[in-house]
Amino acid sequence: MSPDLLEERLSRLPRGWRVAPFEQLPGVQHIRYGITRPGAHEDDGVGLVRASDIQEGRLHSEEPRRISPRTHEAHARSEVRVGDLLVVLVGRVGEAALVTEEYHGWNIARTVAVIRTTGPDEAAWLRLWLSSSYVRDWCARRATGSTLQRTLNLKDLRGLPVPLPTAEARTALLRTVRAVEEKTEVNRRIAECAMSLTDSLFAVEVKDRATWPEQSFGALTHLRMGHQSRPREDSPHPSTPFAEGGMPFLSPADVLRKGLPYVSGTDIWMVSPDEEAVSNPQSLLLAAREDGVHAVLNEVPVVPGRGVLALHAETLADTYWLLHEVRFRSRELTAAAQGPGGRELSRKALAATVLHWPPLSVRERFAQVAGRLHTRAKDALAENVLLSELRGSLLDSFLDGAIGGESVRTQGHAPVSADGEDATYGDM
């Protein structure tokens, strides 16, 4: 087994820093999980945050689940407030987001933990720490269950070691991180606006669709169902995947959790996949759940897993049109899904699904504008990748004592625990 990244990182903290388990931090009031049995959805009910609503460090719920006021009142202990920190316990374990005004007063599902702190800086520091590669590795090591339902026990989360810098140094770091995140949010809004404009343009174009001839998805594209199983968590993970014959493995969750329809990489890699299993860039990759069929375009070659349907069109103009066709008819296309909750697309059913196919001139005209908008969105997201790396570098420098005026780094000296003793992470 590879070395524990978090333990090694904590062993190099500046002299005098303290470390404490999550549940013993001075600024943490409580750590709780949510409702095990929320009951049926109620349109006028109270919002329920699920693990799928926590993406890329923020809360985002396109199709909110709502529970009855009675169920909410019976679980008042897990009601969330602005500034609370929410952590994913099932799935992408350890991913965290702060509760914003929009979600104030909501409740949470059993797949999510709520952490209430004494102030905004405490919550912001904990969110930053949880986003680090060290903590994500630590959470992944302790998660149990199947690869699709990895679960982090609340007891383990409560025992997560957390470094305790001085308040002054922490404030200086968080000020810089906020500037990075504000720029990240601007880029995200640019990308979302570009996509919204493209969807609106498509809606205008299809107003005359009744006059266009009917075609089926099967006649317009080559459809192939992903058949690869998800690689084991302990399978080899190449450090330079493309150079060593590795490619990103795309699961249905990777399609469904994307707010914008692009994939440039995933968390799981497949080494030396069969050539026939690979989808080349600019393929259309589909997955389904109860709220509709979702689609993404891959920027790099990927290996679609089971439950992902790959569509290959003749031209990029056709691919753009079909992408927005799927987005426009997302709910309707669930008729081509099967299995529990309509989560598995049927290749045969989608191939037979009919659409009105516009003339080449219409498709190319749409592609000219859509292509520019997609490029603007992808440029904004590419800058966010760099900003995310900068955020990680800032945290690393801070933990090394290079930001915030901390004392000189230790030379093999163990950090100090919350009670003043040398920290022993194995006991936490």
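Which residues, leaving aside neighbours within four places in sequence, is L130 in contact with? In this predicted model, the contacts of L130 that meet this condition are F22, L85, V87, G94, A96, V135, R136, L157 and L160.

## The chain as a whole

The chain holds 11 helices and 24 strands, and 50% of its 428 residues are buried. Among contacts with a separation of 6 or more, 78% are made between residues 24 or more positions apart.

## The core around L130

L130 belongs to the largest nonpolar core, which has 45 residues, and it is listed there with F22, W125, L157 and L160 as having the most contacts inside that core. The element that gives the most to this core is helix α3, residues 120-130, with six residues. In soluble globular proteins, nonpolar side chains tend to be buried together.

Helix α3 is itself mostly covered, since nine of its 11 residues are buried. The buried positions are D121, A123, A124, W125, L126, R127, L128, W129 and L130, a list in which the charged residues D121 and R127 stand beside the nonpolar ones.

Two of the contacts of L130, namely L85 and V87, lie in strand β7, residues 85-88, where L85 and V87 on one side and L86 and V88 on the other are all buried, which leaves both faces of the strand covered. In a regular strand the side chains alternate between the two faces of the sheet. Strand β7 is joined by three bridges to strand β8, residues 96-98, in an antiparallel arrangement, and within that pairing L98 is the bridge partner of L85. Strand β7 also pairs in the antiparallel sense with strand β10, residues 112-117, over four bridges, and here V88 has V112 as its bridge partner.

## Two open sheets

An open sheet of three strands follows the order β6-β3-β9 with mixed pairing, and its edge strands, β6 (65-67) and β9 (107-108), each pair on one side only. Strand β3, residues 46-49, runs parallel to β9 and is joined to it by two bridges, with L48 standing opposite N107 of β9.

A second open sheet is formed by five strands in the order β13-β20-β17-β18-β15, again with mixed pairing. Its edge strands are β13 (222-225) and β15 (262-263), each of which pairs on one side only. Strand β15 is joined through two bridges to the parallel strand β18, residues 292-298, where N298 is the bridge partner of V263. Helix α9 packs on this sheet and touches β17 (284-289) as well as β18, its direction making about 155 degrees with that of β18.

The strand pairs described with their bridge counts are set out below.

| Strand pair | Bridges | Direction |
|---|---|---|
| β3 and β9 | two | parallel |
| β15 and β18 | two | parallel |
| β7 and β8 | three | antiparallel |
| β7 and β10 | four | antiparallel |

## The second core and the surroundings of F217

Apart from the largest core lies another, of 32 residues, which includes L284, A295, Y320 and A351. A351 is also touched by F217, a residue of helix α7, residues 217-220. F217 is counted as buried because its relative accessible area is 0%. Not counting residues up to four places away in sequence, F217 touches L223, L311, L322, E325, V326, R329, L333, L350, A351, T353 and L355. The C-alpha atoms of F217 and W357 are separated by 9.9 Å, although these residues are 140 residues apart along the chain.

## Aromatic contacts

The count of aromatic pairs comes to eight. In one of them, the rings of F202 and F328 have centres 5.6 Å apart and planes at 65 degrees, so the pair is edge-to-face. This pair links distant parts of the chain, as F202 lies in helix α6 (residues 167-205) and F328 in helix α9 (residues 316-328), 126 residues apart. F202 counts as buried because its relative accessibility is 0%, whereas F328, at 44%, counts as partly exposed. Both residues belong to one aromatic cluster, together with W212, W321 and F366.

A further aromatic ring takes part in a contact with a charged group, for the charged end of R110 sits over the ring of Y33, 3.8 Å from its centre.

How values were computed. Residues are numbered from 1 along each chain as its sequence is written. This is a predicted model: local features need pLDDT of at least 70, side-chain atom pairs count only at pLDDT 80 or more; totals for chains, interfaces and linings use all residues. Side-chain values use heavy atoms; hydrogens and water are left out. Rings of Phe, Tyr and Trp (its six-membered ring) pair if their centres lie within 6.5 Å; planes under 30 degrees apart count as stacked, over 60 as edge-to-face and the rest as tilted. Buried means under 20% relative accessible area, exposed over 50%, partly exposed in between (1.4 Å probe, protein chains only). A charge sits over a ring if NZ of Lys or CZ of Arg is within 6 Å of the ring centre and within 35 degrees of the ring normal. Two strands pair if DSSP finds at least two bridges between them. A nonpolar core is a set of buried Ala, Val, Leu, Ile, Met, Phe, Trp, Tyr and Cys residues joined through side-chain atoms within 4.5 Å. Contact means heavy atoms within 4.5 Å. Axes are lines fitted to C-alpha atoms, for helices over the stretch in contact, and angles run from 0 to 180 degrees between N-to-C directions.
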